[in-house]
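Q: I'd like a close look at one part of this model: the surroundings of the ligand. Could you walk me through what sits there and how it fits into the rest of the chain?

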Amino acid sequence: MTEYAVRVRGLRKRYGEVTAVNGVDLDIRRGEVFGLLGPNGAGKSTTVEILRGHRARDAGEVSVLGADPARAGRGWQARIGIVWQDESAAEESTVQETVRHFARYYPRPRDPDEVIALVGLEEKARSRTKALSGGQRRRLDVALGVIGRPELLLLDEPTTGFDPVARRQFWQLIRALADEGTTIVLTTHYLEEAEALADRLAVIAAGRLLATGEPATLAGRGEAEAIVRWTDPDGREYEAVTAEPTALVGELAARYGGEVPGLRVTRPTLEDVYLGLIGHGRDGGSGHGGGSGHAGSDHGRDGGSGQGDDSHHTREGSKR
Ligand SMILES: Nc1ncnc2c1ncn2[C@@H]1O[C@H](COP(=O)(O)OP(=O)(O)OP(=O)(O)O)[C@@H](O)[C@H]1O
């Protein structure tokens with residue numbers, strides 16, 4: 001058994017004139033929760049479909065659970081669970097019948113009633129699937145994805161349409177599956193979901209990999225300086241970028257004789273880093289790389305306004 005559940009090298013896929021995947025490399029370790037982020041049309045679904053063997057590639061090497069998806073057989077397929085975008089059709093059969101039916105396809109399925117409870121559909125177990133709400137149907141999709149006790153679970157935007165409580169229940173389920181050793185690859189547009197679940201992330205745009213890493217350190221986020229904002233009693237807003245926010249807050253507290261008016265101290269969020277990577281950072285720039293930490297921001301470039309000292313880059317009247 002190799003250390004990796006998924007290895008991809010130089011993956012390319014075109015649809016006519018459109019290059020959907022343009023030379024992507026991925027290494028996803030066994031037992032890892034791996035998030036794929038990227039704007040609409042980035043190539044995420046295409047990549048996941050190729051990993052599953054549902055789509056042929058034009059070039060590159062792909063190994064999933066030790067096999068090439070283009071040539072792997074039924075035994076290999078049974079080791080993989082999937083939750084696709086808009087998958088389930090409205091049916092006359094009930095939730096329970098549907099889950100039991102799918103369980104029969106697998107050699108070592110989970111208990112269908114347990115799975116129904118895991119996805120929070122107990123009260124709907126006897127409802128026809130056509131009577132489910134959009135979010136409930138999505139939960140059924142998740143149930144069908146995990147019923148076969150997969151070694152690798154591929155989830156394409158699994159929580160679209162979930163209410164906030166359902167989303168958190170789903171996160172618990174994913175963490176429980178990860179604790180059991182399931183490798184999980186998920187695409188999502190919810191950055192808080194990526195942050196909550198993923199051990200590592202890849203950001204792709206226009207079919208190319210822009211960055212990979214842990215959510216806390218992606219694209220220099222770990223070393224990024226803090227932004228300290230405050231409002232002068234005369235109403236002017238200030239912000240300073242500093243590696244030593246505590247020291248600056250101490251200086252400000254001394255200057256204002258106690259409470260610093262309108263004080264806020266922030267570090268770049270995953271969203272800041274993501275937007276910087278895909279070229280929609282705070283400066284609206286085209287920053288691909290985000291090596292500065294505040295990916296796409298212009299902090300620290302236009303020096304002081306007289307407030308603060310050389311260790312903090314301060315400017316006045318900034319706005320988000
Ligand atoms: N079956 C298809 N035929 C032609 N073009 C396609 C097909 N599927 C995807 N594409 C194109 O390939 C590109 C990548 O699409 P893909 O669905 O992989 O993106 P995505 O990152 O999953 O997007 P989203 O976040 O919107 O789901 C897009 O430009 C899309 O229009």
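**Around the ligand**

A: Some context before zooming in: the protein chain has 9 helices and 13 strands, and keep in mind that this is a predicted model. Of its 320 residues, 42% count as buried. If you take the contacts between residues at least 6 apart in sequence, 63% of them join residues at least 24 apart.

Now to the ligand. The residues around it are Tyr-15, Val-18, Ala-20, Gly-38, Asn-40, Gly-41, Ala-42, Gly-43, Lys-44, Ser-45 and Thr-46. By character, that shell divides into 4 nonpolar, 6 polar and 1 charged. Helix H1 gives the largest share of the shell, 3 residues. Strand E2 is also a contributor, as E2 and H1 each supply at least two residues.

So much for the list; here is the framework it belongs to. E2 is part of an open sheet of 3 strands, ordered E2-E1-E4 and paired antiparallel. Its edge strands are E2, covering 18-29, and E4, covering 59-64, and each of these pairs on one side only. Neighbouring strands in the sheet are turned by 15 degrees against each other on average, ignoring direction.

Zoom in on the pairing of E1 with E2, and you find E1 (residues 4-15) running antiparallel to E2 over 9 bridges. Tyr-15 stands opposite Val-18 in E2, and both Tyr-15 and Val-18 are among the residues around the ligand. Helix H1 (residues 44-52) packs on this sheet and touches E1, E2 and E4, with a direction that makes about 120 degrees with that of E1. Lys-44, Ser-45 and Thr-46 are also among the residues around the ligand.

For a look at another part of the chain, try Gly-250, which is found in helix H8 (residues 245-256). Gly-250 counts as exposed because it has 12 other C-beta atoms within 10 Å, and 12 or fewer is the cut-off for that label. The C-alpha atoms of Gly-250 and Pro-112 are separated by 58 Å, and the two residues lie 138 residues apart along the chain.

The length of H8 checks out too: its 12 residues should span 16 Å at 1.5 Å a residue, and its end C-alpha atoms are 16 Å apart, so the two agree. Just after H8, Gly-257 takes a positive phi of about 65 degrees.

Methods: Residues are numbered from 1 along each chain as its sequence is written. This is a predicted model: local features need pLDDT of at least 70, side-chain atom pairs count only at pLDDT 80 or more; totals for chains, interfaces and linings use all residues. Helices (H or I, at least four residues) and strands (E, at least two) are DSSP runs, numbered from the N terminus. A residue is buried if 20 or more other C-beta atoms lie within 10 Å of its own, exposed if 12 or fewer, and partly exposed in between; C-beta atoms are placed from the backbone. Two residues are in contact if their C-beta atoms, placed from the backbone, lie within 7 Å. Two strands pair if DSSP finds at least two bridges between them. Axes are lines fitted to C-alpha atoms, for helices over the stretch in contact, and angles run from 0 to 180 degrees between N-to-C directions. The expected span of a helix is 1.5 Å times one less than its number of residues. A residue is near a molecule or strand if its C-beta atom, placed from the backbone, lies within 6 Å of it. Ala, Val, Leu, Ile, Met, Phe, Trp, Tyr, Cys and Pro count as nonpolar, Asp, Glu, Lys and Arg as charged, and the others, Gly among them, as polar.
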